[in-house]
Amino acid sequence: MATVVFDFDSVLVPCESLEVVLARSEGLSDEDLAAIEDLTRQGMEGQIPFAESLARRLAIARPDVGTLMAFGWHLAERPTVGARDLIRHLDEAGHHVWIVSGGFQELLESVGTRLGVPAERIQGVRARWDDDGLFLGLDEACGFCRSKVEGLRDLAPTLPGPVIGVGDGATDLALRTAGLVDHFVAYTEHARREAVVAGADAEASSMASLGEVLATLLP
Ligand SMILES: [Mg+2]
């Protein structure tokens, strides 16, 4: 038995879901969209912490949970080719599959459970919504609102090892650097970042090749 910890955006689905949800939020001006884009870039380049980038973008976009769920239904029909089969294969072999992401919990659960991952093994950003489903703020107690490393730190001791991380971003590779996963596979089908590939133990550019890589790492 082992654990595979999947990133979500640009891995299990072919896009960055948070960006799409923010851009689809109602009533945004061109200035708002430009500011959101700028904060996304600053966060990805590490100029400001992920948590600050996220909170400031959400404060501008004020997404609603209805938009989020509608996009979740759309995405669940369009996952990365082969993702559902690979997850089923891992599950049947007795391995634990997790999804950890900087995306919204509601969207992750909507898509992730339909990919075959149980809701209790899906962890993302938790938000507070008002009675009309409008965004109020982030749940400050949620470690994943700060970073994946902080979010996974409490969970890591409970995961059956070896633990293998799969992701496309610097925040995923950080799990390996922090010692929270034993191996890290850079998933490059949708986005290939040289620094992430350089720090990874292996690279996979499709779910089929990821299956082959995992076969060499899993007990
Ligand atoms: Mg990603």
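**Reading a predicted fold**

User: What share of the 219 residues in the chain is buried, and what makes a residue count as buried?

Analyst: Buried residues make up 41% of the 219. The label goes to a residue with 20 or more other C-beta atoms within 10 Å of its own. Keep in mind that this is a predicted model.

User: Okay, why is the chain called as compact as a globular protein of its length?

Analyst: Start with the ingredients: 10 helices and 8 strands. The radius of gyration is 17 Å, and the globule rule gives 17 Å for 219 residues, so the chain is as compact as a globular protein of that length. Along its principal axes, the C-alpha trace spans about 50 × 35 × 30 Å.

User: And what are the contacts in the chain like, for residues at least 6 apart in sequence?

Analyst: Of those contacts, 60% join residues at least 24 apart.

User: What makes E3 and E8 edge strands?

Analyst: Look at the sheet they belong to: 6 strands, open, in the order E3-E2-E1-E6-E7-E8, with parallel pairing. Strand E3 (122-125) and strand E8 (202-204) each pair on one side only, and that's what makes them edges. On average, neighbouring strands here are turned by 20 degrees against each other, direction ignored.

User: How do you know that E7 and E8 count as a pair?

Analyst: Pairing takes at least two bridges, and strand E7 (residues 183-187) shares 3 with E8, in the parallel sense. For instance, Val185 has Ala202 of E8 as its bridge partner.

User: Why is helix H8 described as largely enclosed?

Analyst: Count its buried residues: 6 of the 8 in H8 (residues 170-177), so the helix is largely enclosed by the rest of the structure. They are Thr171, Asp172, Leu173, Ala174, Leu175 and Arg176. Their packing partners include helix H3 (50-61), strand E2 (96-104) and helix H7 (148-155). Just after H8, Gly179 takes a positive phi of about 75 degrees.

User: Last one: why are H4 and H6 called roughly parallel?

Analyst: The axes of helix H4 (residues 65-76) and helix H6 (residues 105-114) cross at roughly 20 degrees and come within 8 Å. Angles under 35 degrees count as roughly parallel, so H4 and H6 get that label. Among the residues making the contact are Leu68, Phe71 and Trp73 of H4, plus Leu107 and Val111 of H6. As for handedness, H4 passes H6 in a right-handed crossing.

Methods: Residues are numbered from 1 along each chain as its sequence is written. This is a predicted model: local features need pLDDT of at least 70, side-chain atom pairs count only at pLDDT 80 or more; totals for chains, interfaces and linings use all residues. Helices (H or I, at least four residues) and strands (E, at least two) are DSSP runs, numbered from the N terminus. The radius of gyration is taken over C-alpha atoms; the globule rule is 2.2 Å times the number of residues to the power 0.38. A residue is buried if 20 or more other C-beta atoms lie within 10 Å of its own, exposed if 12 or fewer, and partly exposed in between; C-beta atoms are placed from the backbone. Two residues are in contact if their C-beta atoms, placed from the backbone, lie within 7 Å. Axes are lines fitted to C-alpha atoms, for helices over the stretch in contact, and angles run from 0 to 180 degrees between N-to-C directions. Angles under 35 degrees count as roughly parallel, over 145 as roughly antiparallel, 65 to 115 as roughly perpendicular and the rest as oblique. A crossing is left-handed if the near helix is turned anticlockwise from the far one by less than a right angle, and right-handed if clockwise.
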